[in-house]
Amino acid sequence: MSYKETTALERAAHRLVLGFEHNGKRGAQAIGPFLGKTPASVSNEVNPDYDGAKLGLLDAVLIELAARQYPLLHEHARMTHHVCLPLPDPKHITGDASLFERFVAWQGAMGTTCQRIHEAFDPEGEQGAGISHAEADAIAQAGQHHMSLFLGFLGEINHICEPAHH
């Protein structure tokens, strides 16, 4: 057997299937029925060491939807230098006043994040212009959260706008 280096995407698919649980079953035994495939087939498709069949795109999406986890989407985005952000559920569309209040709260939180970034890079600050990995991670997580909320606002704004008159 020859050694083949596995990709992060293959490893993510394998971990996703192994961790899937439904009706007291786990792994390929649990996800197989969602795909209309045998557990052995699913196992082979996500086994990074198996050179035969590989998991198809549609099946990968169906597994992620069933698991409500999206590591393959995020790994695919990372590999192609893109970013994926979750959007709020469109079932929770609000009205103008509520949306405005949430937007103002979002701006306040975003301002706090911007202040943290300023302080982290301030050469006259406590740590000089250096930034720790923990600070960078915290800023990245906050930024992703802010972007996700902002994209949700945009979707809600478009939903509550008056229809265009033609």
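**Aromatic pairs, nonpolar core and largest pocket**

Three aromatic pairs are counted in this predicted model, where the rings of Phe, Tyr and Trp (its six-membered ring) are taken to pair if their centres lie within 6.5 Å, and where planes under 30 degrees apart count as stacked, over 60 as edge-to-face and the rest as tilted. Because the model is predicted, local features need pLDDT of at least 70 and side-chain atom pairs count only at pLDDT 80 or more, whereas totals for chains, interfaces and linings use all residues. Residues are numbered from 1 along each chain as its sequence is written, and side-chain values use heavy atoms, with hydrogens and water left out.

Phe20 and Phe34 form an edge-to-face pair, with 5.6 Å from centre to centre and 90° between the planes. Phe20 lies in the loop between H1 and strand S1 (21-22) and Phe34 in helix H2, so this pair ties together parts that are 14 residues apart in sequence; helices (H or I, at least four residues) and strands (E, at least two) are DSSP runs, numbered from the N terminus. Phe20 is buried, at 5% relative accessible area, while Phe34 is partly exposed, at 41%, where buried means under 20%, exposed over 50% and partly exposed in between (1.4 Å probe, protein chains only).

Trp106 and Phe150 form a stacked pair, 5.2 Å centre to centre with 25° between the planes. Trp106 belongs to helix H6 and Phe150 to helix H7 (residues 133-160), so the pair ties together parts that are 44 residues apart in sequence. Ring pairs also link Phe103, Trp106 and Phe150 into a cluster. Within H6, Leu99, Trp106, Thr113 and Ala120 are buried.

The largest nonpolar core, a set of buried Ala, Val, Leu, Ile, Met, Phe, Trp, Tyr and Cys residues joined through side-chain atoms within 4.5 Å, has 16 residues, of which Val17, Ile31, Val42, Leu55, Ile63 and Leu72 touch the most other members. Two or more residues of this core come from each of helix H1 (8-19), helix H2 (28-35), helix H3 (39-46) and helix H4 (57-67). Ile63 is in contact (heavy atoms within 4.5 Å) with Leu16, Val17, Ile31, Leu35 and Leu55, when residues up to four places away in sequence are not counted.
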